[in-house]
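Hi everyone, thanks for coming. Today I'd like to walk you through the pockets of one protein model, so let's put it on the screen.

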Amino acid sequence: MAAAPALKHWRTTLERVEKFVSPVYFTDCNLRGRLFGATCPVAALSSFLTPDRPTYEEAVQRDFRPAQVGCSFGPTWWTCWFRVELTIPEAWVGQEVHLCWESDGEGLVWRDGEPVQGLTKEGEKTSYVLTDRLGERDPRSLTLYVEVACNGLLGAGKGSIIAAPDPEKMFQLSRAELAVFHRDVHMLLVDLELLLGIAKGLGKDNQRSFQALYTANQMVNVCDPAQPETFPVAQALASRFFGQHGGESQHTIHATGHCHIDTAWLWPFKETVRKCARSWVTALQLMERNPEFIFACSQAQQLEWVKSRYPGLHSRLQEFACRGQFVPVGGTWVEMDGNLPSGEAMVRQFLQGQNFFLQEFGKMCSEFWLPDTFGYSAQLPQIMHGCGIRRFLTQKLSWNLVNSFPHHTFFWEGLDGSRVLVHFPPGDSYVMQGSVEEVLKTVANNRDKGRANHSAFLFGFGDGGGGPTQTMLDRLKRLSNTDGLPRVQLSSPRQLFSALESDSGQLCTWVGELFLELHNGTYTTHAQIKKGNRECERILHDVELLSSLALARSTQFLYPAAQLQHLWRLLLLNQFHDVVTGSCIQMVAEEAMCHYEDIRSHGNTLLSAAAAALCAGEPGPEGLLIVNTLPWKRTEVMALPKPGGAHSLALVTVPSMGYAPVPPHTSLQPLLPQQPVFVVQETDGSVTLDNGIIRVKLDPTGRLTSLVLVASGREAIAEGAVGNQFVLFDDVPLYWDAWDVMDYHLETRKPVLGQAGTLAVGTEGGLRGSAWFLLQISPNSRLSQEVVLDVGCPYVRFHTEVHWHEAHKFLKVEFPARVRSSQATYEIQFGHLQRPTHYNTSWDWARFEVWAHRWMDLSEHGFGLALLNDCKYGASVRGSILSLSLLRAPKAPDFTADMGRHEFTYALMPHKGSFQDAGVIQAAYSLNFPLLALPAPSPAPATSWSAFSLSSPAVVLETVKQAESSSQRRSLVLRLYEAHGSHVDCWLHLSLPVQEAILCDLLERPDPAGHLPLRDSRLKLTFSPFQVLSLLLVLQSPPH
Ligand SMILES: [Zn+2]
């Protein structure tokens, strides 16, 4: 040591070291200034611009024109391909040489026809390593291509990230040159930054922080940036510090490389395909250089895209998966929204995902992975269990606006009692950088101290891709075991969860849904996407059922397995957490609508084909088949098509999951068992509709003044109040426009008042009665509604059409009920749950806007009121007011969201007893699954037929489909669930030729002990509350 020890001032010492590594100050003499040595321009640069996204093979054929550094290109969503010709100076032999590339947009380097690395300034990837050490005989000339997408990691928002994209944005190439890279300087910079991080993070009360600061200071003393021979002494000082290990009780951080890529969000689906390539090829390069680096990757859809567009990259991913470095996780097709998809759709996310992972990577995933979604259904634990998964990782609940979730590691118990182990990375992020600050936060923030001593740490740029960098890895490797800090190991999710499981005795349990106290507007935003989702879930349900029945009854029929897989995958894709939620840009919303249109048109063709096959050979009078795709007998009024495009109403009865012939027209009216519908308009303009079950009274503006359950005389509307009251709210969130509706919007409630005299009688009664009215919502928006009551129907329907042209307004409809209860019930996937109707605690109040599927109900003992819908998801019940959220008008990221025409239906059902006994669940299904009138090859069958029926109303046969496995082409899969929340035994009646029945899991894997005795075409099934059961039915060959 040259100098005698001196007293040191904390701040000056710290800032001295900061200046030594600063990229801004003193770079003429500090260490950072020496990171790169000699530079040399590229030999030649040329480019071409295209609005398309051509493949490499197409691109290299194009006409490249000379280009230079400083050139600009664009606009947004275009692509600029650069050809880069390089000659490395001979004098650089023995050195590490980089291509330094800085441009706006997201770049991808191609070498010898294969993608090799992403280049994105925002993702801290601005240099491509040409050689670690240039050899004497190495070729020094080569040609690379750089494909630059004209969008940033997070799209191209104009002015803010979530603003609508700026279509005119231009991009610039600011640097393209060769440079010598000094790896030893880089490693010293990493060490000095970590030491600074420790000094700052542990603070002045900590002995270890002074050791870190003084080590860094001494390194600066001995290190002369201009004299590389001084570096080893400095390195030795750092190594000594980082080699001082912590004790046995140290917390362990499991660092896993990660790159969250939203499957579509602020950029279109097609750009995501390239984001995957850019991000993953960079991760592969890091795996090659760092054999201990492990990278977790979710979303089968993205892997499937890469497989078809970048087959070479896909093979390399498979190779690194075998080595255990590339780790597929999640098990789902995409990282879907956790609230809105139906139960069956959630099952299909796993079915499509797990089968893809098995086929491409040899095994299924053992962790469900959903870091970034807006809430988590209480049925997810059971669905995970059924799909071979007991572990779940997410972190989004750290975004809760009101209440801080009390755990990071816990057991989650679902609606049926299934339990899974859940971990939220305690750093509350999935885009860590490997800094000391994040490592310390992970330990300090852990809410389960003393219960869980292991944490996940997901590092790498994310949301728009990007992923980890070598610098992040260098940091984490250096922190493997240093006194004063947690241990850091590069781990897989499997290693993390195994460590958590092995010491889980003290973990707490959370029961029921994981509700996110934010982003509650996503239940409503982009109503057309929501409608497409609900409708396409129904279409695929119906196609699968009818195709299955046709398969069972006909040897000729070919089950459309490949087409159904394609259509399901489109639906599942749209259930991505920024698409079905409506939080995407206009371009994505339009693509999503095209996906729905594909499902509608192909689905309807498949429905007709199945119906034709189903009744082939049966004699009958007319070429029309009435089909009921629900598992109970239904008697309903339906509109039957007549020649010439007209319709006529008929009352039809169709057995459970079966069909019926068209009733002879003349015998209709006398056969009516029920009272016809009476419609009366009073002189004051009000209208009463009465079908003997319910009596509906509308005031002259269309509001509901009375709803009586006729048999008991019980009134369902609160005294002195009116239902069907439309209300407008100001809807200006704090930032996340499409996502958030804030609690304070409730303070801006304004009832929309109509004009007397607008109510008129529509259909005059008999089988159907209706009244309709117009309502001006605002100077720009209007609504028309037909209120419809059918013979025998226990609910009144409100067919609604809205022309909506608003900014930051929220439209809801309210029904004040003459019911008192502290809990309301909402349908969720395969069941329902209760939420409070009061705001007692902050947890209650934070749920001022919640999600539901097809129905919600407010009941007291013996009586209740249910509100059903055919495409809505946002809801709330406060006090005794049931409220359905209809339309929002956010302006970012899609300025056009929800503008225009909308059509939807909701229905109101007063009932005696409990909603279960009253058949609310069945009514909501009926509203969503109308009876079908399908053309049959003449003649259609003369008699009714039912394929399946159940002995208990508590059990719903949700799905009938062909088994996935190609070896089980003549097997059907049935999925049933207990919907009442009860233990129940149930008989399933079959009229299909079934040889064998076996219980299976949600992935259709038979349960070895699951053979069910088949007696008199009946199977006995036993359910616990909300249990989902799947059955494999092996069909006999049909007789002909
Ligand atoms: Zn996301």
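**A tour of two pockets**

Let's begin with the largest pocket, which has a volume of about 1200 Å³. Its lining is made of 42 residues, and those closest to the pocket centre are Glu636, Ser926, Leu927, Pro930 and Leu931. Please keep in mind that this is a predicted model.

How do we find such places at all? Rolling a probe the size of a water molecule over the atoms shows where empty space is left.

Now, which element gives the largest share of the lining of the largest pocket? That is E23, with 6 residues. Strand E23 covers 634–641, and other elements that each supply at least two lining residues include helix H14 (527–553), helix H16 (586–614) and helix H19 (920–928). Strands E36 (796–804), E45 (900–912) and E46 (932–935) are also among them. Sorted by class, this lining has 19 nonpolar, 10 polar and 13 charged residues.

On to the second largest pocket, where about 890 Å³ of space lies. Here 31 residues form the lining, and Glu124, Ser127, Phe181, His186 and Thr471 are the closest to the centre.

Which element leads this time? The largest share of the second lining, 6 residues, comes from H3. Helix H3 spans 183–202, and at least two lining residues each also come from helix H6 (269–289), helix H12 (470–478), and strands E6 (96–103), E9 (127–131) and E11 (171–181). By class, the second lining divides into 10 nonpolar, 10 polar and 11 charged residues.

That's my tour, and I'm happy to take questions!

Terms used. Residues numbered from 1 in each chain as written. Predicted model: local features only at pLDDT ≥ 70, side-chain atom pairs only at ≥ 80, totals over all residues. Heavy atoms only, no water. 1 Å grid on protein atoms, 1.4 Å probe; cavity = no way out; pocket = protein on both sides within 12 Å on 5 of 7 lines; lining within 4 Å. Points joined across faces, edges and corners; volume = space filled by probe spheres on them. Helix = DSSP H or I, 4+ residues; strand = E, 2+ residues; numbered from the N terminus. Nonpolar A, V, L, I, M, F, W, Y, C, P; charged D, E, K, R; others polar.
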